[in-house]
Amino acid sequence: MRILHILNHTNRLNGHVHAAVDLACAQGKLGHSVCVASGGGDFDALLHRNNVETVVIDHHRKPVNLLKSSLALRSHVAAWKADIVHAHMMTSAVLAWPICKFAGIPLITTVHNEFEKSAILMGLGTRVIAVSGAVGASMRKRGIPASKLRVVLNGTIGSMRFEDRNRVPVALHAPSILYVGGLHPRKGLPDLFKAFDIAYAQHPEARLYVVGEGPFRKTYEEMVGQMDCATAVSFLGAKEDPFAWMAGADIFVLPSHADPAPLVLSEAREARCAVIGTSVDGIPQLLEGGAAGILVPPEDPGALAAVLCDLLDSPARIEEWKDKSQLRIEHLTIDRVARETMDVYGAALSPISKTAAAAA
């Protein structure tokens with residue numbers, strides 16, 4: 001099959017991009033012809049190493065620019081003879097929809113962040129992939145027909161992005177608590193800081209490490225600076241691959257207020273952390289409904305502190321939850337994501353298209 005992925009760019013530190021790049025490489029590994037059309041970025045060299053072609057399509061949202069991009073994309077779709085076009089971002093879907101409609105090619109869209117108002121535009125797809133069951137339910141409520149929707153849960157294990165990753169654990173002060181992600185309100189970091197401050201009063205030996213960057217870093221550093229736990233919290237900045245810090249951590253916490261299907265949870269589980277996550281959006285599904293990680297209510301520092309204290313009270317309890325993190329871990333592989341996505345493509349192709357694709 002000839003598969004054309006479209007996204008704004010291929011730069012690091014963006015979950016949409018990571019998911020699309022992982023999928024493109026996995027599809028290439030399965031023997032399909034794959035191309036990524038984007039504004040370019042950090043992962044182009046990786047894509048090329050994995051036999052994925054790239055073409056530059058500028059996604060900057062200026063009328064004249066979008067018109068030029070639409071014409072360039074239309075030309076590429078025709079010349080490359082795509083069987084399937086897969087859009088991962090709203091601008092990509094809007095650019096691709098008229099082209100696919102005119103050419104009679106199925107357009108697949110993936111909803112990564114359904115909480116954005118513009119996510120409804122992903123309904124332009126012939127099939128709409130939701131990255132978790134919660135995202136699928138939300139999109140149905142917003143008017144996307146169930147007949148269009150398919151759920152393909154995110155997973156990263158086996159990604160080509162991590163082919164040469166360093167798996168040697170970073171030495172962290174034990175017991176260690178780790179957060180990895182963006183530093184902005186949706187991730188709920190103030191709840192974690194308040195919870196850790198409570199737990200630190202009972203366990204002054206504990207340490208909290210924050211890996212990530214964002215516009216609220218200074219605000220959060222100032223907030224922590226006013227707490228009793230200030231000297232026990234380290235802001236480490238962004239890491240190209242934070243796996244070594246996960247491998248060195250005892251407890252991983254994701255205190256999100258909204259999170260459709262965070263890729264970081266499959267990485268934390270692969271690193272064998274004891275995982276705590278809030279019971280929002282796709283987090284429960286990624287933690288097997290609480291069997292592979294502890295679920296706490298969002299925006300409830302007291303509840304999070306109670307769980308932290310329970311784990312810090314007992315090293316054996318931490319080890320128990322590290323073991324539980326491995327439950328059905330094989331379900332979080334990129335190979336499974338690729339196979340399920342190919343099934344969505346197959347359902348979207350007409351009998352005539354399927355015959356043509358098989359003959360090609």
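Author: A definition to start: helices are DSSP runs of H or I with at least four residues, and they are numbered from the N terminus. The model here is predicted.

Reader: Which element gives the largest share of the lining of the largest pocket?

Author: Helix α1 does, with four residues. Three elements supply at least two lining residues each: α1 (15-29), α2 (44-49) and α9 (263-270).

Reader: How is empty space found in the first place?

Author: Rolling a probe the size of a water molecule over the atoms shows where empty space is left. In this structure, the largest pocket has a volume of about 1200 Å³. It is lined by 45 residues. Look for Leu13, Asn14, Gly15, His18 and Leu263, which are the closest to the centre of the pocket.

Reader: How does the lining of the largest pocket divide by class?

Author: Count 19 nonpolar residues, eleven polar ones and 15 charged ones.

Reader: And how is a cavity told from a pocket?

Author: In a cavity the probe fits but cannot get out, whereas a pocket is open. Four cavities of 30 Å³ or more are present in this structure. The largest cavity holds about 140 Å³ of space. Its lining has 18 residues, and the closest to the centre are Ala19, Leu23, His112, Asn154 and Val337.

Reader: Which elements give two or more residues to the lining of the largest cavity?

Author: Those elements are α1 and α13 (334-348). Helix α1 gives the most, namely four residues. So α1 appears twice, since it also gives the largest share of the pocket lining. By class, the cavity lining has ten nonpolar, seven polar and one charged residues.

Reader: What about the second largest cavity? How many residues line it?

Author: There are 14 in the lining, around about 70 Å³ of space. Pro255, Thr278, Val296, Pro297 and Leu304 are the closest to its centre. Strands β11 (251-254) and β12 (274-278) and helix α11 (301-313) each supply at least two of its lining residues. The largest share, three residues, comes from β12. Nine of the lining residues are nonpolar, two are polar and three are charged.

Reader: Now the strands. How do I read a sheet?

Author: Follow which strand pairs with which. Here seven strands form an open sheet, in the order β3-β2-β1-β4-β5-β6-β7, with parallel pairing. The edge strands, β3 (52-56) and β7 (149-151), each pair on one side only. On average, neighbouring strands are turned by 25° against each other, direction ignored.

Reader: Over how many bridges do β1 and β2 pair?

Author: Over five bridges, with β1 at residues 2-6 and β2 at residues 33-38. Within β1 and β2, find His5, which stands opposite Val36.

Reader: Which strands does helix α3 touch?

Author: Helix α3 (residues 63-80) packs on the sheet and touches β1, β2, β3 and β4 (84-87). The direction of α3 makes about 165° with that of β1. Helix α4 (residues 90-103) lies across β1, β4 and β5 (107-111), and runs at about 165° to β5.

Reader: How do I read the angle between two helices?

Author: Compare the directions of their axes. An angle of 65 to 115 degrees counts as roughly perpendicular. The axes of α1 and α13 come within 9 Å and cross at roughly 80°. That makes α1 and α13 roughly perpendicular.

Reader: Which residues of α1 and α13 meet?

Author: From α1 come Asp22, Leu23, Ala26, Gln27 and Lys29. From α13 come Ile334, Asp335, Val337, Ala338, Thr341, Met342 and Tyr345. By class, this contact has seven nonpolar, two polar and three charged residues.

Reader: At what angle do α11 and α12 pack?

Author: At about 110°, with the axes of α11 and α12 (residues 315-324) 5 Å apart. They are therefore roughly perpendicular to each other. Asp310, Leu311 and Asp313 in α11 meet Pro315, Arg317, Ile318 and Trp321 in α12. This contact has four nonpolar, no polar and three charged residues.

Reader: Last, the backbone. Which residues does a cis peptide bond join?

Author: The bond joins Ala174 and Pro175, with omega at about -5°. Pro175 is found in the loop between β7 and β8 (176-180). Also check Lys81, which is not a glycine and yet has a positive phi of about 60°. Lys81 sits in the loop between α3 and β4.

Methods: Residues numbered from 1 in each chain as written. Predicted model: local features only at pLDDT ≥ 70, side-chain atom pairs only at ≥ 80, totals over all residues. Heavy atoms only, no water. 1 Å grid on protein atoms, 1.4 Å probe; cavity = no way out; pocket = protein on both sides within 12 Å on 5 of 7 lines; lining within 4 Å. Points joined across faces, edges and corners; volume = space filled by probe spheres on them. Nonpolar A, V, L, I, M, F, W, Y, C, P; charged D, E, K, R; others polar. Pairing = 2+ DSSP bridges. Axes fitted to C-alpha atoms, helices over the stretch in contact; angles between N-to-C directions. Contact = heavy atoms within 4.5 Å. Parallel < 35°, antiparallel > 145°, perpendicular 65-115°, else oblique.
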